[in-house]
Amino acid sequence: MLDRLALSPLPTLRGERVILRGVRESDIDDRLRHPIDPEEEDGYGSSWRREWDGRRYHSREYLTARRGPPDPGVYTWAVEHDGECIGSAGLRVDSDQHCATYTVGLFVARLRGRGLGQQTTRLVVSWALGELGAHRIQLEVLASNSRAINCYLACGFRQEGIRRQAVLYPDGWQDLILMGVLQSEYAFQATAPSGNVRSAQQATGEP
């Protein structure tokens, strides 16, 4: 019988173009400098648009109120690029089952498609499956969000199933894609000779 995962403090993860760190008060100012972006918010769920038009989320009061006592099983990073917070990434860890659920979002629209989300995802996945020792990381993504799906494929995730018509949007019901990556798969990708294994990045055409 495996012991529960030992949960460590939130680490700072550094990549070539992003730093993943704990949240700061100045992150709220960075967030408020950028308007609500429907493409980003649609990735989190539809209620923001159907019920509140997003405006309730875009205030200092709301962003400050979200910061409650830390949950030891929840890791939340601010994504920093060029000295500015541009989004967030998170892991919700089930230490009994040795698995975690991953989320990521960049709120600066002009920075999407530049590989920053992919670098953020690789940093979190590598840390969670390596240092933390998780057996599995999973996520859900809108079936229509091809950019995010290609990012996750490039980072080692595999499509595992579909939740059909799982969420209601103003333009109708949308499917959710279930994706996951196992520790053994990720370790194999990291050690396999490049000439013998076609990478997910090549398969999806991600930059």
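**Close-up 1. Gly156 sits just after helix α6 in this predicted model.** The backbone of Gly156 takes a positive phi of about 105 degrees. Helix α6 itself covers residues 146–154. Several of its residues are buried: Ala148, Ile149, Cys151, Tyr152 and Ala154.

**Close-up 2. Helices α5 and α6 pack at an angle of about 40 degrees.** Helix α5 spans residues 116–129, and helix α6 spans residues 146–154. The two axes lie 9 Å apart. The angle falls outside the classes roughly parallel, roughly antiparallel and roughly perpendicular, so α5 is oblique to α6. The crossing of α5 and α6 is right-handed.

**Close-up 3. Residues of α5 meet residues of α6.** On the α5 side, the contact involves Gly117, Gln118, Thr121 and Arg122. On the α6 side, the residues are Cys151, Tyr152 and Ala154. By type, the residues of this contact divide into three nonpolar, three polar and one charged. Cys151, Tyr152 and Ala154 are also among the buried residues of α6. In general, residues three or four places apart on an α-helix point the same way, because the helix has 3.6 residues a turn.

**Close-up 4. Arg112 occupies the loop between β5 and α5.** Strand β5 covers residues 99–106. The relative accessible area of Arg112 is 16%, so this residue counts as buried, the limit being under 20%. Its side chain reaches the backbone oxygen of Leu106 at 2.9 Å. Leaving aside residues up to four places away in sequence, Arg112 touches Asp37, Glu39, Glu40, Leu106, Phe107 and Arg147. One of these partners, Leu106, thus appears both as a touching residue and as the owner of the backbone oxygen that the Arg112 side chain reaches.

**Close-up 5. Glu84 lies in strand β4.** The strand runs over residues 84–94. Glu84 has 18% relative accessibility; buried means under 20%, so Glu84 counts as buried. Its side chain makes a polar contact with the side chain of His34, at 3.0 Å. With residues up to four places away in sequence not counted, Glu84 touches Asp30, Arg33, His34 and Val79. Val18 is 66 residues from Glu84 along the chain. The C-alpha atoms of Glu84 and Val18 are separated by 9.8 Å.

Notes
Residues numbered from 1 in each chain as written. Predicted model: local features only at pLDDT ≥ 70, side-chain atom pairs only at ≥ 80, totals over all residues. Heavy atoms only, no water. Axes fitted to C-alpha atoms, helices over the stretch in contact; angles between N-to-C directions. Helix = DSSP H or I, 4+ residues; strand = E, 2+ residues; numbered from the N terminus. Parallel < 35°, antiparallel > 145°, perpendicular 65-115°, else oblique. Left-handed = near helix turned anticlockwise from the far one by under 90°. Contact = heavy atoms within 4.5 Å. Nonpolar A, V, L, I, M, F, W, Y, C, P; charged D, E, K, R; others polar. Buried < 20%, exposed > 50% of the residue type's maximum accessible area, 1.4 Å probe, protein only. Polar contact = N/O pair within 3.5 Å; in protein donor to acceptor, adjacent residues only side chain to side chain.
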